[in-house]
Each structure stands twice: as C-alpha cells, then as structure tokens.
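Biologist: I should like a close look at a single part of this structure, followed by its wider setting. Please treat the matter in one connected account.

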Amino acid sequence: HLGLLGIFQDMRRLRYFKKMEGKFVTNTLSLPIKLNNQEKLIFDTLRTIVKDHELKTTLRVAGGWVRDKLLGKEGEDMDIDIALDDMMGQDFAQYVSQYYEEHGEEKKKFGVIKANPDQSKHLETATINIKGTWIDFVNLRTETYSADSRIPEIQFGTPEQDALRRDFTINSLFYNINEDKIEDFTQRGLEDLKNGIVDTPLAASETFADDPLRVMRAVRFTSRFRFKMQEQVITAASDSEIHEALGEKVSKERIYIELSKALMGAYPFESLNLAHACGLMPVIFKTPNHSIEELKTANQQNERFDKAIEVAEEVHEVAKLLKFSHGESLYPAKGTKEAQLIYSLCSALLPYHDLQFQVKPKKLEGWPAWILRHSLKAPNHVIQDTLLILTQPEKTLALVHQDPK
C-alpha cells in the first residue's frame, strides 16, 4: 500500500507541473531600486543618525520589502524590517529616539517585542515610528536547529550567514541603506527572482528539516507569484519525513496561518493543487481516523482530495449563492479575502461531507467540523461559515458525483 501511495503521489505531482507548463512567469526587475518619497525621507533620516553619532553600523532592509520593490509590487508586503550588523535593535532604537530629542522634537518612544519561540518569534525586535512609518530593527543572525524542534539557537551573524539561513533565495536579498544598493549574498536571489524560481539558499532538505513550516511558505510563494519550484524544493516538499516533521514540530495554529495566507492570495486553487501535488493535504487536513487501516486503503484520502481539487471552481460558484451566518452575502459583488478563504476550505473538505466521527459514546461529529476545529484550529466564525456551505445538501452534494470508497 505504501509503495502504491508513493507511485500515485508521483503521478499527481507530474500532472500538476505538466498542467502548469507555460503558466509560470518571469520578471523584469526594477533596478536600481525605486524609492517613494516616504522611503527616501526615512532612509535619509537613518543615514543622518549613523553619521551624527559616528556609528560604524550598516543598515540593511531585508526580506519581503526588497523582493516586492524589485518586482514593482508596491503595497503588498511593504513592512520595513532593518537588520543591523553590530548592535541589537533596541540599541539602535535608542539612537533614533535621541536623534529626535536632539533636533527639538518630542523624544520618540519605542517598543521591544521579546523573543517568543512558541509564536515563531525567534529574535527580539525593536519597533519605532520614523516619519510616520513603523520600522522594525533586528540584528543579523545565524541559526542552529536541533533535531526535535523548529526553535533555533540564535547568534550574531554576518550578512552572508543571515542570507543563507533564510527560507528562499528570493527572500534573502538586502537593500543596503548606507550605500544605496541591492546585495545578493547567496549569488542567486536576483537571478531566481528574475526567472521566477522558488529555491532555497542551502539544500532544501536541510532548510525544511530545520523548519518544516517553510514547506507551507514554499506553496504560498509559488502560487502567489506563479513561480516555479526548483526540483530539489519539489523533492523535499514531497518527502514523507518532512511531512511528519511538519505535523509533529509545528503548531496547528502556525500551519493554519500559512494556509490562510495562501488561500487568501491571488491563486487559492493553485495553492490547494500544489499542496496536493506535494502530498501535504493529509498533513494539513489531518482526519480523525488517520491510520491507513481505518481509511481502508492507503490511497483513499488522497483520492478524496483529488475530488476536492476537481470541484474547487464549482464550489466557488455555489458559494456566491449562499449567505454568511450573520446574514451577509458569502461572496459579495467585489469579493472578500475571507470569503475566498472559506470557499477554498469548502473545496478541500467537501469530499468528507458524509463522514462522521464518534467523539463520545452518544455523540457524532462530522469530519469537516472535526478537521476545522482540531486539525486546523480555525477561528470559530470561519468554522461556522465553512460548515454552513457544507450543510447545503441540495447545492453542494451534487458536486460530488461519487466518493471514493
């Protein structure tokens, strides 16, 4: 059964990437990077602070801001996170506060967000408002993971070490504020961004083993930008050991957050399709009866997800006709991100509409409700409105022609 399961999974993966041929995008990068007036004002202020206090600090903007600026995507992920090479974020925030006081303005207060590994906050962050924009300051770091945890040991690092520990090359780029230039310490970030490639700075198997949640991020970025996964990323994302680690090392709440971001993105069905192609659906939507024996055949659950993918677009159409539990349209004329999330969840859960789980001697619960509450730990209003659609038999059951047995 396990051998057949692997063969069927390989076939699904091949079908998905064959279907996507010709849909992957490449990009013309916006170089040199174009700053808006607000960003120019902020960065000029920071350069002045470094100069006035005779600091040797190099300020680098990291992550999604750099990526999206290069893609010309203003406003999508424009939080400005600045990495410091020789001090903690709190120390530099003190200089910012002092600068305002020295220039006759009210002394700026700043907040310090302590490290909270349980909430995937591995490093202390200082946040302060500069010229009307909140800026986060952290130090460059290197990370070491143990085998049984996704919580790393953090140390000060070089720019190259910081770039290499990041999830994907497209997220490893820096904008050096001091020198007004883009830095690509992996030597692959710019090229991958231009060619529309999702790849890891280090070996994908190592990157995902260190933090299995990165598999979910791979799905999200691949579908969001319509990029292509590098072969080693596909292989690692489809690895059963990585799937097991995702289920055991990562909290359900964190998995749900990544899933919801993907399903509220531009291409939710491609996110579901890609997650299914990589074999992630049984991990994300873990069922109450999860053993192979209880599912009758090793491939039954994936067959149910095959059906879910087939009817996803139709569920979207059905959702337009229904109402939220609070009476408003589930799919307003202009659409909402949350409505998109809910009908996407319905697509994944629809094939389980007829299955029940005995939670108590005299109490049964439907599989969709159990999965939403216990596997995803979704918010109550999301659970309520998703189940509302799934309990419309005259509309939804017609979409499932025949469930796999």
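Biologist: In which loop, between which strand and which helix, does Thr200 lie?

Modeller: Thr200 lies in the loop that runs between strand E10 (197–198) and helix H7 (204–210); helices (H or I, at least four residues) and strands (E, at least two) are DSSP runs, numbered from the N terminus. This is a predicted model, in which local features need pLDDT of at least 70 and side-chain atom pairs count only at pLDDT 80 or more, whereas totals for chains, interfaces and linings use all residues. Residues are numbered from 1 along each chain as its sequence is written, and side-chain values use heavy atoms, with hydrogens and water left out.

With a relative accessibility of 0%, Thr200 counts as buried (under 20% relative accessible area; exposed is over 50%, partly exposed in between, with a 1.4 Å probe and protein chains only). Its side chain reaches the backbone oxygen of Leu202 at 2.6 Å. When neighbours within four places in sequence are set aside, Thr200 is in contact (heavy atoms within 4.5 Å) with Asp167, Phe168, Thr169, Arg188, Thr207, Phe208, Gln232 and Val233.

The wider setting includes an open sheet of 7 strands, ordered E3-E4-E5-E2-E1-E8-E9, with mixed pairing; two strands pair if DSSP finds at least two bridges between them. Strand E3 (110–113) and strand E9 (181–183) are at the edges with a single partner strand each, so one side of each has no neighbour in the sheet. Strands E4 (residues 125–130) and E5 (residues 133–139) run antiparallel and are joined by 5 bridges. In one such pairing, Ile128 has Ile135 of E5 as its bridge partner. Helix H3 (residues 64–71) packs on the sheet, where it touches strand E1 (59–62), strand E2 (80–84), strand E8 (174–176) and E9.

Helix H3 also holds Arg67, a residue that counts as buried at 1% relative accessibility. The side chain of Arg67 makes a polar contact with that of Asp68 (2.9 Å); such a contact is a pair of N or O atoms within 3.5 Å, where within protein one must be able to donate a hydrogen and the other to accept it, and residues adjacent in sequence count only if both atoms are side-chain atoms.

Elsewhere, 11 of the 13 residues of helix H15 are buried, so this helix is largely enclosed by the rest of the structure. Among the buried residues of H15 are Leu341, Tyr343 and Cys346.

Notes:
Axes are lines fitted to C-alpha atoms, for helices over the stretch in contact, and angles run from 0 to 180 degrees between N-to-C directions.
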